[in-house]
Amino acid sequence: MFLAALHIMVDLDVSLDVIRKASVGTAVLEVIGLLLAVFRLWFRFRIRRLWWEDAWAFAAFVFATNYLTGNWLYVHYGKPTSTVGYWISILSFNPVIWLVRHSTLFSVARIIYPSLTLRRMVLGIALMFFLLFVSFMVAKLWYFCQNLSWMNNTLYLGNVLLPLDTNLIIFELTTDFIADAILIVLPIRLLWSVKLPTRQRRMILLVFASGITVTIAAICRALCQLLDLNLIAPLVMDVEVALSSIMCNLLVFVTFMYRYGRSASPPPSTESDEDDDYTTLFQPRQTTQILTTTEVGRADYSSGDETSTRSSGCTSDATSGISDILSSSEEQSEKDSS
């Protein structure tokens with residue numbers, strides 16, 4: 001009943017000009033996400049802290065660029081160029097979403113105190129994400145390739161379009177919900193059980209908020225697909241890709257601006273051991289303990305010297321002190337003998 005009412009409320013009489021103008025707006029959002037990705041990779045490289053999360057973010061950047069290119073060809077050109085653009089966009093959409101999730105997952109693992117259990121849990125979740133992604137992509141490719149007669153239709157204002165069937169839509173929404181729920185619950189669970197500094201707690205909450213935003217976009221896209229809003233669904237997919245790219249790279253950008261705003265100066269040099277991006281565990285400077293060795297010797301007896309040592313420190317320093325004492329005793333004995 002609700003879906004039927006929502007379907008009636010949406011005006012389906014949308015012109016090609018309106019679609020193109022809306023696609024320009026979504027393209028701007030996607031470009032913002034791409035620029036944030038470039039900044040993120042440059043900054044992480046500059047401070048020499050590239051990690052697995054940055055590798056996933058780079059892969060997402062590549063597929064997001066492909067998606068933007070394919071979608072532009074699809075909307076702003078006619079056949080056969082639009083058909084090529086449609087294939088590029090549908091094959092790039094899901095990789096962007098899932099690569100962003102992998103990057104977010106490894107970001108959480110880096111922010112939280114590292115442990116063997118956490119690393120195993122992250123690897124297990126990453127493997128589950130990969131299996132969910134592969135299973136859906138196999139089903140999606142089979143759906144699109146089993147019968148190519150749809151490439152002759154003109155459902156999208158003169159261009160080709162193959163809406164997903166209900167089973168695939170539900171399957172995709174289910175996998176999206178499971179993955180996003182994990183990315184939302186995991187930071188909360190770790191934040192609940194681990195005592196963190198304020199800055200790290202803030203970073204985890206930012207990751208948590210970004211997961212909710214992407215989840216909302218995924219729900220809106222699934223609703224449009226279920227309601228057969230074929231002209232609106234591609235635009236919602238553009239927004240979902242844009243939000244995913246922005247939220248994936250927003251963490252590094254916001255922490256950079258936070259640091260720059262507080263210090264009113266550029267970030268410190270790469271040789272500093274400070275937390276340059278405010279998202280890694282702060283390691284206090286190591287202080288070197290000065291070891292003192294006290295020698296007490298007496299040469300009143302011709303038979304030898306009595307020597308005692310008092311030392312504090314590691315075994316190597318104690319051994320060195322004992323060797324010095326023995327050498328000193330031998331020299332004193334030779335003098336007494338002569």
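What does the pLDDT of the protein chain average, and what share of the residues score at least 70? I started there, since this is a predicted model. The protein chain averages a pLDDT of 75, and 64% of the residues score at least 70.

**Entry: confidence by element.** I then looked up the elements of the protein chain. Helix 3 has the highest mean pLDDT, 92. The lowest mean, 43, belongs to helix 1, residues 2-9.

I also noted two stretches further along the chain. Over residues 290-294 the pLDDT stays under 50, and the model has 13 contacts for them beyond four places in sequence. Residues 296-323 also have a pLDDT below 50, with 34 contacts in the model beyond near neighbours in sequence.

**Entry: elements and their order.** I found nine helices and two strands in the protein chain. Read along the sequence, the pattern is α-α-α-α-α-α-α-α-β-β-α. I see from this pattern that the two strands come after eight helices and before the last one.

**Entry: burial and contacts.** The protein chain has 338 residues, and I recorded 41% of them as buried. I next took the contacts between residues at least 6 apart in sequence. Of these, 72% join residues at least 24 apart.

**Entry: cavities.** How many cavities of 30 Å³ or more does a search of the whole structure find? I noted five. The largest cavity holds about 300 Å³ of space.

I looked up its surroundings as well. The lining of the largest cavity has 23 residues, and Tyr86, Leu161, Leu162, Gln225 and Met237 are the ones nearest its centre. Helix 3 (52-76), helix 4 (81-111), helix 5 (116-145), helix 7 (198-226) and helix 8 (233-263) each give two or more residues to this lining. By class, I wrote down 14 nonpolar, four polar and five charged residues for the lining of the largest cavity.

**Entry: cysteines.** I checked for disulfides last. A disulfide is a covalent bond between the sulfur atoms of two cysteines. I took a pair of cysteine sulfur atoms within 2.5 Å as the rule, and the count comes to zero disulfides.

Is cysteine 248 buried or exposed? Cysteine 248 has a relative accessible area of 7%, so I entered this residue as buried, the cut-off being under 20%. Cysteine 145 has a relative accessible area of 43%. I therefore entered cysteine 145 as partly exposed, as its value lies between the 20% and 50% cut-offs.

How values were computed. Residues numbered from 1 in each chain as written. Predicted model: local features only at pLDDT ≥ 70, side-chain atom pairs only at ≥ 80, totals over all residues. Heavy atoms only, no water. 1 Å grid on protein atoms, 1.4 Å probe; cavity = no way out; pocket = protein on both sides within 12 Å on 5 of 7 lines; lining within 4 Å. Points joined across faces, edges and corners; volume = space filled by probe spheres on them. Helix = DSSP H or I, 4+ residues; strand = E, 2+ residues; numbered from the N terminus. Nonpolar A, V, L, I, M, F, W, Y, C, P; charged D, E, K, R; others polar. Buried < 20%, exposed > 50% of the residue type's maximum accessible area, 1.4 Å probe, protein only. pLDDT = per-residue confidence, 0-100. Contact = heavy atoms within 4.5 Å.
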